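Me: Can you walk me through this protein with a few quick questions and answers?

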Amino acid sequence: MSVIDLKTGENLVLKALVWRGTPEPPREGLVFLREGRVAAVAEGDNGCRDKVPAPGSPDLLELPGCTVIPGLIDCHVHLALDGRDFSRARQQWNNRPEWQERVKADLQETLERGIVAVRDGGDRAGIGLEAKQLVMSGRLAGPLVLACGQALHRQGKYGSFLGPGLTPAELETAVDSLARQGVDHLKVLVSGIVSFSEYGRVGGPQFTREELQRIVHRARGRGLRVMAHASGEEAVRLAVEAGVDSIEHGYFLSEESLHRMAARGIAWVPTVIPVAGQVRGQWRAQYTAREAEIINRTWRRHLKMVRKALEMGVTLGVGTDAGATGVCHGRGFLEELLLYREAGLSPANILLAATRNGAAILGLEHLLGRIEPGRPAFLVAVEGNPWKDIGALARVKYVFRPAQ
Ligand SMILES: [Zn+2]
């Protein structure tokens, strides 16, 4: 596995099966990379005027048996957390060298799994936002990071580790303050979390529809999108009615909400692995048999809704909630995709969710999600053909990206 930084002045031609991020299957072809960008793509019999380097030339990278795809996108991570030990990660927040060391390793791992962009869901200490700045300035290597800084939540309700609790009078000021800090989007906690001891129970809504509308309105005025943590039908409905841009988690949402989301163009990032992962591997021991059964019922219902969402035309993005206990940065992404496969989604639909849809959700559809001339070269080469077997994404051979 190598990460290749495409430097200015360097040219490279990739010869492989090429999947361009469209509903069309991959085809044998050539991808011409120049100055960190895709200069041209030649597929199948489409002739190409660009000169193909001779075999053996250092400018030609032949990748037999490999597929080149657009870089993957994780729509929901928490860089402030490590997925293993919640309290240790939180203690590190006060020790900059320590958390930077940990975040550096997690970003590297993320990149090596073929993930070229992540959208951070916030933390009270603003670590996700600081990590973004470290990556942008070149001090940390990693995928593109989009950050929200702190999440908005209601005083006294779930989410104190994600941001300070707000009173209804403070909503606009909080949005303005985050906008001034240079965040890329807003995160609002509309509900609590899903119960593992009572099937279907979710911590109640934190804001009224009017309050959510105020947040969304203010965010729009500042040019920011809103990602809404919402589980439970009531919270999802409120968030959808308030016009947020994406529903995160969405456990126990109804078909009716999915219809509304499809109609209004509101995306869904279902984050299955943070729940399903609880009853796999080492984490299973933390739960009683009854709790494990509730957890299993919860994610199985969720997967059924994921499939329905796809059929209804909801834009489905892939988010892992990486950093949440049981979800490791980087590794959690394929685990999430394999759950979609379990739900019966085709590799094509899974790939589109992991690339094109993610780019749209991040507002970076002009940069990411497709292999097209003129776009920056955020590409991944995997062994095998993920269009036939999504498991091929476990075998990342190269990650290409423009040098910073
Ligand atoms: Zn989250």
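What follows is a short chat about its sheet and its pockets.

Reply: Quick heads-up: this is a predicted model, where local features need pLDDT of at least 70, side-chain atom pairs count only at pLDDT 80 or more, and totals for chains, interfaces and linings use all residues. Residues are numbered from 1 along each chain as its sequence is written, and side-chain values use heavy atoms, with hydrogens and water left out.

Me: Which strands sit at the edges of the open sheet of seven strands?

Reply: Strands here are DSSP runs (E, at least two residues), numbered from the N terminus, and two of them pair if DSSP finds at least two bridges between them. The order is β1-β16-β15-β5-β2-β3-β4, with mixed pairing. An edge strand pairs on one side only, which here gives β1 (2-6) and β4 (37-43).

Me: How many bridges join β5 to β15?

Reply: Strand β5 covers residues 60-70 and β15 covers residues 379-383, and they run antiparallel. C66 stands opposite E383 in β15. The number of bridges joining β5 to β15 is five.

Me: Which class is most common in the lining of the second largest pocket?

Reply: A pocket is an open set of points on a 1 Å grid over the protein atoms alone, where a 1.4 Å probe fits, with protein on both sides within 12 Å along at least five of seven lines; lining residues have an atom within 4 Å of a point. Among the 16 lining residues, M136, L144, V145, F378 and Q404 are the closest to the centre. Ala, Val, Leu, Ile, Met, Phe, Trp, Tyr, Cys and Pro count as nonpolar, Asp, Glu, Lys and Arg as charged, and the others, Gly among them, as polar. With two polar, two charged and 12 nonpolar residues, the answer is nonpolar.

Note on methods:
Helices (H or I, at least four residues) and strands (E, at least two) are DSSP runs, numbered from the N terminus.
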